[in-house]
Amino acid sequence: MGRIIAFDIGDKRVGVAISDPFNEMALPLETYWRKGFERDIDYLIHLAKDKYAETIVCGLPVNFDGTESEQTQKTREFIARLSEKTDIKVVSADERFTTMQARRVLLEADMRREKRKDVIDKIAASYILEDYLRKIKLQGENK
């Protein structure tokens, strides 16, 4: 069983998290600062392959009421291009509350604003991945 990698895709940064080898835990990996659409896609695919990921989970930002925004559409385009360029399975996951959770945790840890920018996205990606791991575990138990 391969690992699962998650991306929290933003306009400026992409947070990255990876599962442990047993797909039990989500581990924040890095914050990638975007350099251009195609370069970003190529880098993230290379990273996923380098980490032996068999699934890529991309956070899909939707409004609190579940409706889509301009950011949702931009992210869908990114996910579609990612899917076209790799043979790794690519799925999307609702990321409605992940950045809020990550921000709350970092504020509670009293982390300085500059430092928060460097870590918030990878922590949000780990929340996206944790939620995905929980769902696939539940599906396995319900079979």
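The sheet in this predicted model is open, with five strands in the order β3-β2-β1-β4-β5 and mixed pairing. Helices (H or I, at least four residues) and strands (E, at least two) are DSSP runs, numbered from the N terminus, and two strands pair if DSSP finds at least two bridges between them. Residues are numbered from 1 along each chain as its sequence is written. Local features need pLDDT of at least 70, side-chain atom pairs count only at pLDDT 80 or more, totals for chains, interfaces and linings use all residues, and side-chain values use heavy atoms, leaving out hydrogens and water.

At the edges of the sheet stand β3 (26-33) and β5, each pairing on one side only. On average, neighbouring strands are turned by 25 degrees against each other, direction ignored; axes are lines fitted to C-alpha atoms, for helices over the stretch in contact, and angles run from 0 to 180 degrees between N-to-C directions.

Let us turn to the pairings. Strands of a sheet pair through backbone hydrogen bonds, either parallel or antiparallel. Strand β2 (residues 13-19) joins β3 in the antiparallel sense over seven bridges, and S19 has A26 of β3 as its bridge partner.

Next come the helices on the sheet. Helix α1 packs on it, touching β1 (3-9), β2, β3 and β4 (contact means heavy atoms within 4.5 Å), and the direction of α1 makes about 150 degrees with that of β3. Helix α2 also packs on the sheet, where it touches β1, β4 and β5; its direction makes about 165 degrees with that of β4.

Strands β4 (residues 53-60) and β5 (residues 89-94) pair in the parallel sense over six bridges, with V57 opposite V91 in β5.

How do the two helices meet, and at what angle do their axes cross? The axes of α1 (residues 37-50) and α2 (residues 70-85) come within 10 Å and cross at roughly 55 degrees. The helices are therefore oblique to each other, given that angles under 35 degrees count as roughly parallel, over 145 as roughly antiparallel, 65 to 115 as roughly perpendicular and the rest as oblique.
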